[in-house]
Amino acid sequence: MRRIGTIVGALLAIGILRPVCATAQEGAVPALDHVGIQASDLDKSIRFYTTVLGLKEVPAPFPKSEARWVAFGNGYLLHIVAHGRAKSEHNKWDHFALACPDLKAMVARLDRMSVAWADMSGGHQMQKRPDGVTQIFIRDPDGYDIELNDARSR
């Protein structure tokens, strides 16, 4: 337990983790800290998130066989936890979104890596949401859909 505290303390010190609710005022809305998903093959999932999306793996306070963390950026993390079961069924409404600084460059990267992508209905074209943001979806090895969009460039 002491090791976990030391690792978490180090992550707080270098800014990877942030104490979201520590200074919250009465009635303040909490901020997103991390997203957690389960993976049937932890190594395969980590390879997908680091190779395809370019996320960086960061230290996690667990043995690598139980859970691994990757950083989205701006202090947000994705916790990937081993579950040892077959893939679960998911659909595009069960997703998280990543805002890309250059969505066209990301699409070109996905095409070079032969990573399938689609619009919300399964077609192979970028689509505009009603708010003007362009989006596509990819799927990780466990069937989680990930929206990639250009919201960050707006």
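I began by fixing my terms: buried means under 20% relative accessible area, exposed means over 50%, and partly exposed lies in between. I also noted that this is a predicted model.

**Entry on Asp43.** I looked up Asp43 and found a relative accessibility of 44%, so I wrote it down as partly exposed. Its salt-bridge partner is Arg68, with the closest N and O atoms 2.6 Å apart. I then checked where the two residues sit: Asp43 belongs to helix α2 (residues 42-52) and Arg68 to strand β3 (residues 67-73), so that the pair, 25 residues apart, links distant parts of the chain.

**Entry on Arg68.** I asked myself whether Arg68 is buried or exposed. With a relative accessible area of 11%, Arg68 is buried. I next found that Glu57 also forms a salt bridge with Arg68, the closest N and O atoms being 2.7 Å apart. Glu57 lies in strand β2 (residues 56-58), 11 residues from Arg68 in strand β3, and this pair too links distant parts of the chain. At 24% relative accessibility, I recorded Glu57 as partly exposed. I concluded that Asp43, Glu57 and Arg68 are linked in a network of salt bridges.

**Entry on Arg129 and Glu147.** I turned to another pair, Arg129 and Glu147, whose side chains meet in a salt bridge at 2.7 Å, N to O. Arg129 is in the loop between β6 (127-128) and β7 (134-139), while Glu147 is in strand β8 (residues 145-149), 18 residues apart. Arg129 is partly exposed at 24%, whereas Glu147, at 5% relative accessibility, counts as buried.

**Entry on the count.** I closed by noting that the count comes to 5 salt bridges.

Key: Residues are numbered from 1 along each chain as its sequence is written. This is a predicted model: local features need pLDDT of at least 70, side-chain atom pairs count only at pLDDT 80 or more; totals for chains, interfaces and linings use all residues. Side-chain values use heavy atoms; hydrogens and water are left out. A salt bridge is a side-chain nitrogen of Lys or Arg within 4 Å of a carboxyl oxygen of Asp or Glu. Helices (H or I, at least four residues) and strands (E, at least two) are DSSP runs, numbered from the N terminus. Buried means under 20% relative accessible area, exposed over 50%, partly exposed in between (1.4 Å probe, protein chains only).
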